Amino acid sequence: MQKLHLLPFTERHFEMLSGWFRDPRELAQWGGTALAHPLDRTQLNHMLDEGGFSPPARLCWMAGDDAGNAVGHAQLAFDWRDGVARMCRVAIDPHKRGEGLAVPMLRAVMEKAFSHRQIERVELNVYSWNKAAIRTYLRLGFVQEGIRRSSARVGSERWDTVMMGILRPEWLKTEEAGSSVSMGRVLPA
């Protein structure tokens, strides 16, 4: 499995990341319905600004390969009071999809989240039709916890949102077992 390095997301990545989303539907898949297409500097600067708090409200990274090429992006939004990190805005460069980069990138993001002792839970939301992403999250040990039906409106479509989470003890157990092949479980909705 390829090892990826997390690099701080900076303004020099803005144009590259914005180019990964060709239309409003692709942008909504990545960033939710609150973002407007095309993704612009104002929206991206807002994400960066959230990292300037102490402790940060959000951290953003680009994933780089051994050659120094940016191949992915991911973010963590923090609820420090409750000890929860929400993994969000996950994307692999469209030209690199299918190369097995998501698992190593997301493992690195999860390591960042759980490196903060007060974080007990990492959670995420993923649209129910995104089966490839759901398989990836299950492989990492996430548990499907429920479905928010018809929770997002994108154009004339309504999308269901799958809620997934992993607790610190579950993460530690998958790490000890060499979790690259572990399978998550699905809880009844």
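Where does Pro 55 lie? I began with this residue in the predicted model, and I found Pro 55 in the loop between H3 and strand S2, the latter spanning 58-64.

**Cis peptides**

I looked at the bond before Pro 55 and noted that Ser 54 and Pro 55 are joined by a cis peptide bond, with omega about 0°. I then turned to His 37 and Pro 38, which a cis peptide bond also joins, again with an omega of about 0°. Pro 38 has its place in the loop between helix H2 (24-31) and helix H3 (41-49).

**Strand S4 and its partners**

I next went through strand S4, residues 84-92, and entered it as mostly covered, since seven of its nine residues are buried. On one pairing I recorded strand S3 (residues 70-79), which runs antiparallel to S4 over seven bridges, with Asp 79 standing opposite Val 84 of S4. Four residues lie between the strands in this hairpin of S3 and S4, and Gly 83 there takes a positive phi near 70°. For the pairing of S4 with S5 I wrote down the parallel sense and three bridges, and here Ala 85 stands opposite Val 122 in S5.

Arg 89 held my attention, as this residue of strand S4 has a positive phi of about 50° although it is not a glycine. Is Arg 89 buried or exposed? Its relative accessible area is 15%, so I count Arg 89 as buried. I also followed its side chain to the charged end, which sits over the ring of Trp 30 at 5.9 Å from the ring centre.

**Cysteines**

How many disulfides does the structure hold? I found zero disulfides, and for Cys 60 the nearest cysteine sulfur is that of Cys 88, which is 7.6 Å away. I checked the surroundings of each as well: Cys 60 is buried at 9% relative accessibility, and Cys 88 is buried with a relative accessible area of 11%.

**The S6 and S7 hairpin**

I then examined strand S6 (residues 143-154) and strand S7 (residues 157-167), which run antiparallel and are joined by eight bridges. Within this pairing Ile 147 stands opposite Val 162 of S7. The two strands form a hairpin with two residues between them, and in the turn Gly 155 has a positive phi of about 60°. I made a separate note of Ser 150, a residue of strand S6, because it has a positive phi of about 50° although it is not a glycine, and because at 33% relative accessibility it counts as partly exposed.

**Aromatic pairs**

How many aromatic pairs does the count come to? I arrived at eight aromatic pairs and followed two of them in detail. Tyr 127 and Trp 159 are edge-to-face, at 4.6 Å centre to centre with 65° between the planes. Tyr 127 is in strand S5 (residues 121-127) and Trp 159 in strand S7, so this pair ties together parts that are 32 residues apart in sequence. Both rings belong to buried residues, Tyr 127 having a relative accessible area of 12% and Trp 159 a relative accessibility of 2%.

Trp 159 also pairs with Trp 129: the ring centres are 5.1 Å apart and the planes stand at 75°, so I entered this pair as edge-to-face too. That pair links distant parts of the chain, 30 residues apart, with Trp 129 in the loop between S5 and helix H5 (131-139). Trp 129 itself counts as partly exposed at 33% relative accessibility, and the charged end of Arg 25 sits over its ring, 4.8 Å from the centre. I therefore drew Tyr 127, Trp 129 and Trp 159 together as one aromatic cluster, joined by these edge-to-face pairs.

**Helix H6**

Which residues of helix H6 are buried? In this helix, residues 168-176, I listed Arg 168, Trp 171 and Thr 174. They cover an arc of only 130° around the axis, which means that they lie on the same side of H6. These buried residues pack against helix H4 (102-114) and S7, whereas the face turned away from the buried side carries the exposed residues Pro 169, Lys 173 and Glu 176. I closed the entry on H6 with Gly 178, which follows the helix and has a positive phi near 70°.

Conventions. Residues numbered from 1 in each chain as written. Predicted model: local features only at pLDDT ≥ 70, side-chain atom pairs only at ≥ 80, totals over all residues. Heavy atoms only, no water. Pairing = 2+ DSSP bridges. Disulfide = S-S within 2.5 Å. Buried < 20%, exposed > 50% of the residue type's maximum accessible area, 1.4 Å probe, protein only. Phe/Tyr/Trp six-rings, centres within 6.5 Å; stacked < 30°, edge-to-face > 60°. Lys NZ or Arg CZ within 6 Å of the ring centre and 35° of its normal. Arc of directions from axis to C-beta. Contact = heavy atoms within 4.5 Å.
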